[in-house]
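Colleague: Could you walk me through how some of the labels for this structure were assigned?

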Amino acid sequence: MTKPPIDLQELRRKIYAKAKAEQSWRFWGLYVHVTKLETLRAAYALAKENDGAPGIDGVTFEAIEASGVQQFLAQLRDELLSHTYRPLRNRRKEIPKEGGKVRVLGIPTIRDRVVQGALKLILEPIFEADFQPGSFGYRPKRTAHHAVDKVARAIAWGKTHVIDIDLKSYFDNVRHDLLLKQVAERVDDDAVLRLLKLIVKAGGKQGVPQGGVISPLLSNVYLNRVDRMLEKAKAVSFDGYTHVEYVRYADDLVVLIDGHPIHERLRAQVEHRLREELAKLCVEVNEDKSRVVNLKTKASFGFLGFEFRRVKSRNHSGRWLPLFAPKMTKRTALLRRLKSIFRAHRSHPIAPIIGEINPILRGWVQYFALGHSSRCFGYIKAWLIKKIRRHLMRAQKRTGFGWKRWRNAWLVAHLGVFNDFRVDTAKRQALAATNRYVP
């Protein structure tokens, strides 16, 4: 992983410390740091590490390096200093989603990615100091697994009333005027605000493009008011015990409230205030996908690909515990993808098939290797072994699965079939530790 140079890291630490110590301070003189060659060079390194397709101009990293990175950055810096820099239109790319829908990515050019990256390097420590504990998406030292673990721990502590909010086309509907106003509350630098306005306007009249380097930071800035309201709800209802918890990962939000009958009024108030804050930001709630769930009725809800429910412990304690495993739709989507690979290579040797499916399985299992995924992993492993065996038998013009011909251990050792289907219990324990932001 590429890290910013030491001097830039030190600057970011100082900005973060100042922002944390003085929460009403408005930062000025930031533009000079954005336009430094050191900052642009670090932003270029991060953009190259993330790789990605070229933007609308078709320029690749190979082309930039062939003509000279230093010259490329120097020209970009001159444009920024002379205020002649203008971002190009984002290239649109559609990514399939569940249910036949698509997610539209806005892919900036490499030069625009570098500028966005430089701006993010300077602005990120300011807003990280303002972000709330329940926000996890696209933040340093915080992952989806941290968010999932926090939800599980809230359920374990009796928060069984769940407000599962789905935001309708959130990234596409962010209002630029409200976003820039929120940024201006902490940034008193006209050049920075002008540059930021150029960047967001390049994606259209409203919204922040999914695919932009700075978009995740801006999306968190926009919803930080909602997080603050929920933190206030936690503080106001605290009586020696926390009755409200929330977890937000980008536009995925769940609020968990104590399920005791005496908190019925609290549950109604929190939901009302949550909808009020979202309405102030002109964020529309998708009512078809939003739900209020009572886990005491054996109901369940989904969050970040996991299905959560509450079950009673089988030991003598009889405690109610959280149970979470991959959603059935996620398992189905994985098997459908693997099946298409087998079908496309029906008459090919097994080696290239294994080479293609192993990275897919490894990434999927690493993400879901948390909680109670063992049964799901066992199903996928059995399905995979049958598919491999059937392909080998078909190549020999035979029927069946060849159970007597090959042992499963041989398939793993000699063919290299992915076999690391196990839940990482150590990871769950490590997630309980608090990760403090370090710029």
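Modeller: Happily; here are a few labels and the reasons behind them.

This is a predicted model, where local features need pLDDT of at least 70, side-chain atom pairs count only at pLDDT 80 or more, and totals for chains, interfaces and linings use all residues. Residues are numbered from 1 along each chain as its sequence is written, and side-chain values use heavy atoms, with hydrogens and water left out.

Colleague: Why is α12 called roughly parallel to α14?

Modeller: Helix α12 (residues 328-344) and helix α14 (residues 374-395) pack at an angle of about 10°, with axes 12 Å apart. Angles under 35 degrees count as roughly parallel, so α12 earns that description relative to α14.

Colleague: Which residues of α12 meet α14?

Modeller: Arg331, Leu334, Leu335, Leu338, Lys339 and Phe342 do, contact meaning heavy atoms within 4.5 Å. Their partners in α14 include Trp383 and His391. By class, the contact of α12 with α14 has 10 nonpolar, one polar and three charged residues.

Colleague: What makes Leu218 count as buried?

Modeller: Buried means under 20% relative accessible area (1.4 Å probe, protein chains only). Leu218 has 3% relative accessibility, so it counts as buried. Leu218 sits in helix α10 (residues 215-237) and touches Leu179, Leu196, Val200 and Val208, leaving aside residues up to four places away in sequence.

Colleague: How do you know that β7 and β8 pair?

Modeller: Two strands pair if DSSP finds at least two bridges between them. β7 and strand β8 (residues 306-312) have three bridges, in the antiparallel sense, so they meet that definition.

Colleague: And why are β7 and β9 at the edges?

Modeller: The open sheet runs β7-β8-β9. β7 (301-303) and β9 (320-326) each have a single partner strand, so one side of each lacks a neighbour in the sheet.

Methods
Axes fitted to C-alpha atoms, helices over the stretch in contact; angles between N-to-C directions. Helix = DSSP H or I, 4+ residues; strand = E, 2+ residues; numbered from the N terminus. Parallel < 35°, antiparallel > 145°, perpendicular 65-115°, else oblique. Nonpolar A, V, L, I, M, F, W, Y, C, P; charged D, E, K, R; others polar. Buried < 20%, exposed > 50% of the residue type's maximum accessible area, 1.4 Å probe, protein only.
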